[in-house]
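Here are some notes to read alongside the model, set out as numbered points for someone meeting it for the first time.

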Amino acid sequence: MCGIIGIVGSKPVAGRLIDGLKRLEYRGYDSAGIAVIEETDGLSSLVRRRAKGKIVNLEERVKLEPVDGVLGIAHTRWATHGAVTETNAHPHFAGRVGIVHNGIIENFTELREALKETRTFNTQTDTEVVAHMIDEAMRAGMSGQEAFSHTLKQLRGAFAIGVVIDGVEGQMFTARKGPPLAIGIGDGENYIGSDAIALSTLSKKIIYLEEGDWAVLTADGVQVYDADDNPIEREITHITGSMAAAEKGNYRHFMLKEIYEQPETTAHTLTHYIDAFNHKVKTEDELGLKGLDFNRVERVSLIACGTAAYAAYVAKYWFEQLASLPCDVDVASEFRYRKPALSGNTLAIAVSQSGETADTLAALRYCKQNGLQTGVLVNVLSSTMAREADYAMPINAGPEIGVASTKAFTSQLTALLSLAITAGAQRGFIDAEAEKSLVESLTHIPRHINETLKLDGAIEELAQKLSTAKSAFYLGRGVHYPLALEGALKLKEISYIHAEGYAAGELKHGPIALIEEGTPVIVIAPSDELFEKTISNLQEVATRGANVILITDAKGAKYAKDMAPHIITCPDVSDITAPIIYAITIQLLAYHTAVHLGTDVDQPRNLAKSVTVE
Ligand code: G6P
């Protein structure tokens, strides 16, 4: 989604703004732009450069036509209102006002209508109207600050904005309602950014604006105001930990780096949820979830989008099997509008890597408003969801930059499995011995992932074959059914090959009609109690000409050696952790297929990492 960065200081800002935009690339975008206030011979002017496509295009533009100033804003745009054109790219100008914006102004048509007599609009965007409103208010005699706060009151929707005004030198205005906005505190300079990553080389001292807050920044200070315009102090968070996690290192892509990080990231997740020394999962209290008691919970409702939703689907099997706890899974964009029947003792858990996804956040708020206990399983602990939910449950996977989620998925699974065991133990469905054996299986996850990564070369060879396909199917049963959905999603997202995930037993009720000679069918089937049933489904497609890739273990490979032309043999792992380990194979398969096809793996077309619009 769109990214914002702004600097108010005393040194030239253009180069640093562009560097900041590069750190925001991972969010996904289709155009970029920069605006600064230039001073020439005592006269100031607002100047900008914009370009369609990648940030290098903008960089080229700035090289040819440099801009220079000590106050500036910059933006990566992911188109919502208006096509991907240079004209629609931010920053937008109106009179003396320059603006960058992330999110959607829902009432922009009526606001635009109200100004149409006096103003000429140059773009189709919702953003431009805000710049006009501020400029108009200043013409009516308001100061920059008054015009900014006056305009904010009229906006409906979800937005983070940054504004600079020619003639209001040395000040930058910013506001947040919905999408996050971070303010970085510097020495003789201050910054705004869509997230702390954008500001990572500029500042480690961050203020996160709360919902409805706005602020005025100068080189020497920051003043935050709440939604009612009262000056307010917000806490300064000191960002620790290495932002090296946001560098690619020796890897060709962030996605590959993140795939290879999974032994370590799942270990971090486990450290939070289990007491490996005593072979126990941590209790609710030990996890810092004071007040949560799984004995009093009658239903778990998991709500998420995208990959996080597939992690939730896997967890449904775990909560029901290990804790006898009924569990619903909802795609967030459907949840709140279907007016779900909520019962009092439901624990609603949002699952979200970013903690900012608009639909998931709205669903979380809906649950809260309706009196449910709420939790969020989240990677970014400073995110809006983490701050708003009753319980924040970290996955500790570190910054995930690749748009296609990988390490967050396995950490979500690891955390959800640990929580399901905690619930099972608390509710008396798992005794001490069973808990010990389950925790032992959990502790093997990082090692088993490491072993699975050794299949990389073999998977790369298979990926070459897969890359010629027009369409592919992924099949699985039980916990491996949602993994089949995730496998198909990964392939679609980054290789653009059409793929569908199906419950192995359901294929014959329709989609089997699409199987023809050579159709790739990836079957995920460790040798568990459902193995034989899945193998029957494998044979159903094999006899119809499918080119089967079976992902199984040594025992399964031996059994099915004459039934599948291609077999990926995973290490022997416990049934319960298998989806976490098998996830590595589908990630590598999608990754190498995409690399073979030459797509933009880390920033696939049309996709965004953090989806802050509905
Ligand atoms: C976007 C990303 C997906 C992600 C989904 C949910 O669509 O491209 O990779 O799974 O959002 O994001 P969240 O941050 O809520 O997990």
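**Notes on salt bridges and a sheet**

1. Arg365 has a relative accessible area of 24% and is therefore partly exposed, a class that lies between buried (under 20% relative accessible area) and exposed (over 50%), with a 1.4 Å probe and protein chains only. Its partner Glu388 is likewise classed as partly exposed, at 21% relative accessibility. The side chains of these two residues, Arg365 and Glu388, meet in a salt bridge at 2.7 Å, N to O, where the term requires a side-chain nitrogen of Lys or Arg within 4 Å of a carboxyl oxygen of Asp or Glu. The pair links distant parts of the chain, since Arg365 belongs to helix H10 (residues 358-369) and Glu388 to helix H11 (residues 384-388), 23 residues apart.

2. A word on the basis of these notes: the model is predicted, local features need pLDDT of at least 70, side-chain atom pairs count only at pLDDT 80 or more, and totals for chains, interfaces and linings use all residues. Residues are numbered from 1 along each chain as its sequence is written, and side-chain values use heavy atoms, with hydrogens and water left out. Helices (H or I, at least four residues) and strands (E, at least two) are DSSP runs, numbered from the N terminus.

3. The structure holds 27 salt bridges, and one of them joins the side chains of Arg139 and Asp135 at 3.6 Å, N to O. Both residues lie in helix H4 (residues 127-139), four residues apart, which is about one turn of the helix. Arg139 counts as exposed, at 64% relative accessibility, whereas Asp135 counts as buried, at 2%. A network of salt bridges links Arg119, Asp135, Glu136 and Arg139.

4. In helix H14 (residues 445-453), Arg447 and Glu451 are four residues apart and so are separated by about one helical turn. Their side chains meet in a salt bridge at 3.2 Å, N to O. Arg447 is partly exposed, with a relative accessible area of 42%, and Glu451 is partly exposed as well, at 30%.

5. Seven strands form an open sheet with antiparallel pairing, in the order E5-E6-E7-E8-E12-E13-E14; two strands pair if DSSP finds at least two bridges between them. Strands E5 (92-94) and E14 (231-232) stand at the edges with a single partner strand each, so one side of each is left without a neighbour in the sheet. Strand E13 (residues 222-225) pairs with E14 in the antiparallel sense over two bridges, and the bridge partner of Tyr225 in E14 is Pro231.
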